Amino acid sequence: METEVEEEVSVSKTVAMIACTSMSFFYVAILYSPTLILRLPHPTSLNSFMIRRFLCAGVSSIVSIFVCAFLLLPMKKWDLSSLFGVYGIRADHMWNAVAYPLSLTSLLYAGSFISKFLGLRKSSKEDEVRGDSFWCMKNAISSFLERITSIASNVLTWRNYVVAPLTEELVFRACMIPLLLCGGFKPYSIIFFSPIFFSLAHLNHFLELYCQQNYTFLKASLIVGLQLSYTVVFGSYASFLFIRTGHLIAPVVAHIFCNIMGLPTLSSRRKGLTTAATLVGFVGFLWFLFPATNPNLYNERTDNCRCWHGYCGWS
């Protein structure tokens, strides 16, 4: 009997691995399908190029959603509540799923916040010395409004802060993690293992840099290597948030926030204060990592099911 169970789990793991690997490659491959498969002409502008990629990412996400639903749920349970539950799309405890992960993630950027604050303070003092603080305030407000307008109409902004976070978290967290959990993988092994799939979706950047932008092999490798290192670290953190909270919105807001902030500032001209803030923020992040992601903060129902939200009882 134990042998039969082990074989069944092994097959489930194999299916989960194949499905996740396929979704990773499909997420990347479909980006090139308009020109390579559909034989459409190359885009004539950045906007048309990015809009085409937005559509491809959307198609990839929809396909992944159906693949995940087909593997996890029997057809008779394909109702909205079951499907949304699989992907961590829930209305309950929504504010907790936004506020706590966002506050937790912001601790990693304590040095960045201090550096920006000191820069603004220095600029403000210089304006006061010149006696034109009112004009500078008016100019700052005007510049801020112009920047917001330009950002809203910038297609790269939509990619970095809307399309990429939503589609990547939907495919690589909401679809893949339930598959891996129901395949019998342990949660902490998934946290360290699943970012590999997330990194596979960024390998195409090497081909773009090396083949299209004529970077040297070494330079392209270094750039992509740094990017992959960052995506592995963030992928582990995003997977941790999704598994602990059961909410898709948690890794999405963390993804958007990290894209806005970029890499954390480790030092600046005032190295002592910035470095100290970075260290304090990092210690605070580690201190609050588990308390801020306690599943009891995000779920009213708890059980002993190994598949987190009861997925293994649905199939």
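Colleague: Is the crossing in which α12 passes α13 left-handed or right-handed?
Modeller: This is a predicted model, in which local features need pLDDT of at least 70, side-chain atom pairs count only at pLDDT 80 or more, and totals for chains, interfaces and linings use all residues. Residues are numbered from 1 along each chain as its sequence is written, and side-chain values use heavy atoms, with hydrogens and water left out. A crossing counts as left-handed if the near helix is turned anticlockwise from the far one by less than a right angle, and as right-handed if clockwise. For α12 passing α13, the crossing is right-handed.

Colleague: How are α12 and α13 oriented to each other?
Modeller: The axes of α12 and α13 (residues 249-261) come within 8 Å and cross at roughly 150°, where axes are lines fitted to C-alpha atoms over the stretch in contact and angles run from 0 to 180 degrees between N-to-C directions. Angles under 35 degrees count as roughly parallel, over 145 as roughly antiparallel, 65 to 115 as roughly perpendicular and the rest as oblique. The orientation of α12 to α13 is therefore roughly antiparallel.

Colleague: What is the distance between the end C-alpha atoms of α12?
Modeller: Helix α12 (helices being DSSP runs of H or I, at least four residues, numbered from the N terminus) takes in the 29 residues 217-245. The expected span is 1.5 Å times one less than the number of residues, so for α12 it is 42 Å. In agreement with that expectation, the end C-alpha atoms are apart by 41 Å.

Colleague: Which residue follows α12?
Modeller: The residue after this helix has a positive phi, near 75°. The residue that follows α12 is Gly-246.

Colleague: How is α8 oriented to α13?
Modeller: The axes of α8 (residues 155-182) and α13 come within 9 Å and cross at roughly 140°. That angle makes the orientation of α8 to α13 oblique.

Colleague: In a crossing of which hand does α3 pass α8?
Modeller: The axes of α3 (residues 46-72) and α8 come within 10 Å and cross at roughly 15°, and the two helices are therefore roughly parallel. Whereas α8 passes α13 in a right-handed crossing, the crossing in which α3 passes α8 is left-handed.
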